[in-house]
Amino acid sequence: VVTGKIIKKDKGGYVLLSDGIEFFLPRSQAMLRSDANNIGKSVEAKVIKIEKNNVVVSRVSLIKEKQSVKEAKIKELIDGDLIVEGTVKNIVSYGMFVDIGENIIGLVRYNEISYKGAVNPSKYFKVDDIVNVKIVEFDNKKGHLSLSIKATMSDPWEDISDLGVGDVIAVTVSNIEPYGVFVDLGNDIEGFLHISEISWNKNVKNPNDYLTVDEEIDVEVIEINPNTHKLRVSLKKLLPKPFDEFVKNFREGDVVTGAVTS
């Protein structure tokens, strides 16, 4: 394999200069656009023929060889269900691209990062971080390689198999949205606290008025499904019901003062 610069066009191809030696790169072996200005371009090619005063090189042969090596390594990883180290090369909104060696790059989608579901990869990783991944899908025709980080870890939902509806658990507020709050159980499991389950006050419009990120609270499990990784919790069920408090302090015939609300 030689690396050099294209210095000129020749009949039927290009002349490649490397270490003072000229190589002939046939157009059929170049994989270069004929309408592009390829002069001065640095390319890598494989020697396929040595003749008197002429060495023929091919980019096609080199790319096919690299592709075969890539496919063989991917097949080995899939067949062995192996975990491999990779380097984060780029982070995008829908996931991140990871190099698992020999310039084999796959995509870890945002829902393959954590058992919490779809997460923002930039909150967990940065470029050049080393991560453990497994291959979950390989489309040979399209060359698409799908990787997973969460597939390298044990399913944390198995650790809470004895958790049921009505149980009270300690959680940490991890994210607040207008429609509710996400809470972290501390073992890569996230539950959802809907806005209607925050308070007995029916006029809750902004969860930020009641909770803050990183706040530790106790909540009651109101729905759990380990198969679909769904966990819904309630805060108001652990709070005194306003009507119960009212009944404790007032009886029929008592005069009370209130404000018109609607």
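Okay, let's start with a bit of vocabulary: a residue is called buried when its relative accessible area is under 20%, exposed when that area is over 50%, and partly exposed in between. Take F250, which sits at 32% relative accessibility and therefore counts as partly exposed. One more thing before we go on: what you see here is a predicted model.

So where does F250 sit? You'll find F250 in the segment that comes after helix α2, and that helix covers 242–249. And which residues join F250 in a nonpolar patch on the surface? The partners are F243, F246, V247 and V256, and the patch has about 460 Å² of accessible area when you take the five together.

Let's stay with helix α2 for a moment. K248 and E245 are both in that helix, 3 residues apart, which is about one turn. Their side chains meet in a salt bridge, at 3.4 Å from N to O. How accessible are the two ends? K248 has a relative accessible area of 60%, so K248 is exposed. E245, at 33%, is partly exposed.

That brings us to salt bridges in general. Side chains of opposite charge can pair when their charged atoms come close. How many salt bridges does this model have? The count is 5. Besides the one in the helix, have a look at K230 and E223, whose side chains form a salt bridge with 3.4 Å between N and O. K230 has a relative accessible area of 40%, so K230 is partly exposed. E223 comes in at 27% and is partly exposed too. Those two are also part of something wider: a network of salt bridges links E223, K230 and R232.

Another salt bridge takes us over to the strands. K49 and E51 meet through their side chains, and here the N to O distance is 3.8 Å. With a relative accessible area of 44%, K49 is partly exposed, and E51 is partly exposed at 39%.

Now for the strands themselves. As a reminder, strands of a sheet pair through backbone hydrogen bonds, either parallel or antiparallel. Start at β1, residues 2–10: 4 bridges join β1 to β4, residues 42–51, and the two run antiparallel. If you want a spot to click on, K5 stands opposite S42 in β4. Then β4 has a partner in β5, residues 54–58; that pair is antiparallel as well, with 5 bridges. Here the residue to pick is K46, whose bridge partner in β5 is S58.

How many residues lie between β4 and β5? There are 2, and the two strands form a hairpin. Zoom in on the turn and you'll see N53, which has a positive phi of about 60 degrees.

Next up, the barrel. In what order do its strands run? The order is β6-β7-β8-β10-β9, which gives a closed barrel of 5 strands with mixed pairing. From one strand to the next, the twist averages 50 degrees. Within that barrel, β8 (residues 105–109) and β10 (residues 144–148) pair in the parallel sense, over 2 bridges. To find that pairing on your screen, look for V108, which stands opposite L147 in β10.

Last stop: the aromatics. A pair of aromatic rings is described by the distance of the centres and the angle of the planes. The structure holds 6 aromatic pairs. One of them is Y179 with F182: the ring centres are 6.5 Å apart and the planes stand at 90 degrees, so that pair is edge-to-face. Y179 is partly exposed at 44% relative accessibility, and F182 is partly exposed at 23%.

Y179 also pairs with F192, and this time the pair is tilted, with 6.0 Å centre to centre and 45 degrees between the planes. What does the pair of Y179 and F192 link? It links distant parts of the chain, 13 residues apart: Y179 is in the loop between β11 (168–177) and β12 (180–184), while F192 is in strand β13, residues 190–194. Is F192 buried or exposed? At 17% relative accessibility, F192 counts as buried, because the cut-off for buried is under 20%. Put those ring pairs together and Y179, F182 and F192 make a cluster.

That's my tour, thanks for listening!

Technical notes. Residues are numbered from 1 along each chain as its sequence is written. This is a predicted model: local features need pLDDT of at least 70, side-chain atom pairs count only at pLDDT 80 or more; totals for chains, interfaces and linings use all residues. Side-chain values use heavy atoms; hydrogens and water are left out. Patches are made of residues with over 30% relative accessible area and no salt bridge: like charges are joined within 9 Å, nonpolar side chains (Val, Leu, Ile, Met, Phe, Trp, Tyr) within 5 Å. Accessible areas come from the Shrake-Rupley method with a 1.4 Å probe; for residues, only the protein chains shown count as cover. A salt bridge is a side-chain nitrogen of Lys or Arg within 4 Å of a carboxyl oxygen of Asp or Glu. Buried means under 20% relative accessible area, exposed over 50%, partly exposed in between (1.4 Å probe, protein chains only). Two strands pair if DSSP finds at least two bridges between them. Axes are lines fitted to C-alpha atoms, for helices over the stretch in contact, and angles run from 0 to 180 degrees between N-to-C directions. Rings of Phe, Tyr and Trp (its six-membered ring) pair if their centres lie within 6.5 Å; planes under 30 degrees apart count as stacked, over 60 as edge-to-face and the rest as tilted.
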